[in-house]
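Biologist: Please take a close look at a single polar site in this model. What surrounds it, and how does the rest of the chain fit around that picture?

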Amino acid sequence: QATDWKNRFLQSDYYYITVNRAGLPTNSFSGAYIEGSWTLTGEHRRYNPNAGAYVRIVPFHPFSPWNSAYGLGAWEIAARISTIGLNDNFFSGSPPRNTNAVGGGRQTIYQFGVNWYPNRNVRFMLDYLHGFIHKGLSSMADSGIPGTPLGAEVGGSFDALVLRVKDKAIRTEGVILVEHGAEGRRGPVLTAVAGRDRGRQPGGPRDRATRGDGCRRAANRGCE
């Protein structure tokens, strides 16, 4: 579900998943998120009834030096809370009691972001994520430490700073990720850099850049 009011946008969703397993009872899992954004420069996402979705933000005053346009572009702040539970017939802190017990844990992430749209084609997204993983040991495959009792807490937390750049005209995306995670008390540190080029699509970059680009996600995850 999504709604907008002037330069504010709100979206949320809930999902429930069932898994049929051969020779075992059915398992079920659920998750949800809520996210919102506020465009500081006044732009808003228009609703496209034909696509049944909101379109991406187009700046009132674009920054396109090659076209002699030196505006501020569009600036947006956003926040998101998401959670997913992958436990079924399993309770963290106690051994599994059923043959179809699944102890995948629960993950909750708090996310804050700032987005800059220089023009209708380019978008910069800077996000900070803080996440928690609550997980009880469900099998010895979860831990390399012998003697760890089943049901013991083996979750952790992590923090990540992500910078993404998207260019709708040439269909490219780059990602820079700096992540600090802590599993139990060990606290590993991970740094990664990634990027991708989706290549030019049929119809050419100018043709695609001027089409209504529907989005089903908002906030810093944004219109894809």
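Modeller: The side chains of N27 and R21 are joined by a polar contact of 3.0 Å (N or O atoms within 3.5 Å, in protein a possible hydrogen donor with an acceptor, and for residues adjacent in sequence side-chain atoms only). The side chain of N27 also makes a polar contact of 2.8 Å with that of D88. The model is predicted, so local features need pLDDT of at least 70 and side-chain atom pairs pLDDT 80 or more, while totals for chains, interfaces and linings use all residues. Residues are numbered from 1 along each chain as its sequence is written, and side-chain values use heavy atoms, without hydrogens and water.

N27 belongs to strand β3, residues 24-39 (strands are DSSP E runs of at least two residues, helices H or I runs of at least four, numbered from the N terminus). N27 is buried, because its relative accessibility is 1% (buried is under 20%, exposed over 50%, partly exposed in between, with a 1.4 Å probe and protein chains only). Apart from neighbours within four places in sequence, N27 is in contact with I17, T18, V19, R21, D88, N89, N100 and V102 (heavy atoms within 4.5 Å).

Around this site, the protein chain is built from one helix and 14 strands. It has 224 residues, and 34% of them count as buried. Of its contacts between residues at least 6 apart in sequence, 58% join residues at least 24 apart.

The largest nonpolar core consists of five residues, I109, L129, F158, A160 and V162 (buried Ala, Val, Leu, Ile, Met, Phe, Trp, Tyr or Cys joined through side-chain atoms within 4.5 Å). Strand β11, residues 156-167, supplies the largest share of this core, three residues. L129 is in contact with I109, Y110, Q111, F158, D159, A160 and V162, neighbours within four places in sequence being left aside.

Phe, Tyr and Trp rings (six-membered for Trp) pair with centres within 6.5 Å: stacked under 30 degrees between planes, edge-to-face over 60, tilted otherwise. Seven aromatic pairs are found in the whole structure. Y47 and Y54 are an edge-to-face pair, because their ring planes stand at 65°, with the centres 5.2 Å apart. Y47 is partly exposed at 46% relative accessibility, whereas Y54 is buried, with a relative accessible area of 10%. Y110 and F132 also pair edge-to-face, since their planes are at 85°; the ring centres are 6.4 Å apart. Y110 is in strand β9 (residues 102-117) and F132 in strand β10 (residues 122-134), so this pair ties together parts 22 residues apart in sequence. Y110 has a relative accessible area of 32% and is partly exposed; F132, at 31%, is partly exposed as well. Elsewhere, ring pairs link F63, Y70, W75, W116 and F124 into a cluster.

Two loop residues deserve a note on backbone geometry. K6, in the loop between β1 (2-5) and β2 (8-21), has a positive phi of about 55° although it is not a glycine. K6 is exposed, at 57% relative accessibility. S68 sits in the loop between β6 (63-64) and β7 (69-70), and its phi is positive too, about 60°, although S68 is not a glycine. S68 also counts as exposed, with 59% relative accessibility. N27, by contrast, is buried at 1%.
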